[in-house]
Amino acid sequence: MAEQPAAPENVTPEQFFAELLPAGFLAQKESGTPTPQDFTIRYHLTGAGGGEWHVTIKDGKMTTRKSGGEANLAFTLSVDDWRDAVLGRDGASLAVILPQARPGRPDNSARAKQLKGTMAVELAREGKDPMRIEMTFNDAATPRTGMKVKVADYVAMQEGRMNGQEAFMTGKLKIEGDMGFLMQIAALNV
């Protein structure tokens, strides 16, 4: 996605999903960056102040609502980890919870709609517990793949500054589970 509006330090999930995320989507669309045409994302935030938000992109427009529902891609993480990503704290960025558009990368939402499975990501952070995010494609629990990597390296991979294969070969990225599913997910970052 394009540059999100700056989030205040006390940002709430309601504020982010109702105001900031749609504003960022509109900015991306207006900049000419490819946007998904028909895609759904569900965010399940655990802990105090959490809840579920459903994001629908249809006909070039984004709508959000506080509720669950079926989704092409679902993210589950704690409210504290979500806030770190939204505010860019402890090495995190929106890239850990929001598919990133970047020059030369096409909209791969149609390919993501074909995936079925779950990716559990553990992102190591300096002096803090790891950030844990579970991404589920099309509400399928299996196949399941686990990934362990430093948060800075994960963000670099999502932003196109680091090659995932190179990170794996150099030991920066540890993988457990279904490698075939991982390769399907990696193909989305092309």
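Buried, in these notes, means under 20% relative accessible area, exposed means over 50%, and partly exposed lies in between (1.4 Å probe, protein chains only).

**Ground rules.** I'm working with a predicted model, where local features need pLDDT of at least 70 and side-chain atom pairs count only at pLDDT 80 or more, while totals for chains, interfaces and linings use all residues. Residues are numbered from 1 along each chain as its sequence is written, and side-chain values use heavy atoms, with hydrogens and water left out.

**Helix α6.** I went to α6, residues 179-186 (helices are DSSP runs of H or I with at least four residues, strands are runs of E with at least two, and both are numbered from the N terminus). I noted that Phe181, Leu182 and Ile185 are buried here. They sit on the same side of α6, because they cover an arc of only 100° around the axis (the arc is taken from the directions from the helix axis to the C-beta atoms). That jogged my memory: an α-helix has 3.6 residues a turn, so residues three or four places apart point the same way.

What do the buried residues of α6 pack against? I found β5 (117-125), β6 (128-137), β7 (144-150) and β8 (173-177), with contact meaning heavy atoms within 4.5 Å.

I also checked the N-terminal end of α6, and Asp178 caps it. One of its side-chain oxygens lies 3.0 Å from the backbone nitrogen of Gly180.

**Aromatics.** I looked up ring pairs next (rings of Phe, Tyr and Trp, the last by its six-membered ring, pair if their centres lie within 6.5 Å; planes under 30 degrees apart are stacked, over 60 edge-to-face, the rest tilted). The structure has seven such pairs. Phe16 and Phe17 make an edge-to-face one, at 5.0 Å centre to centre with 85° between the planes. Phe16 and Trp82 are edge-to-face too, at 5.7 Å and 80°. Phe16 is in helix α1 (residues 13-30) and Trp82 in helix α2 (residues 79-87), so this pair ties together parts 66 residues apart in sequence.

Is Trp82 buried or exposed? I read 0% relative accessibility, so Trp82 counts as buried. Phe16, at 3%, counts as buried as well.

I wrote down one aromatic cluster: Phe16, Phe17, Tyr43, Trp53, Phe75 and Trp82.

**Strands around β6.** Two strands pair if DSSP finds at least two bridges between them. I saw β4 (residues 73-78) pair with β6 in the antiparallel sense over four bridges, and Ala74 stands opposite Thr136 in β6. β5 and β6 are also antiparallel, over eight bridges. Leu123 has Met131 in β6 as its bridge partner. In the β5–β6 hairpin, two residues lie between the strands, and Gly127 takes a positive phi near 70°.

Definitions and conventions. Polar contact = N/O pair within 3.5 Å; in protein donor to acceptor, adjacent residues only side chain to side chain.
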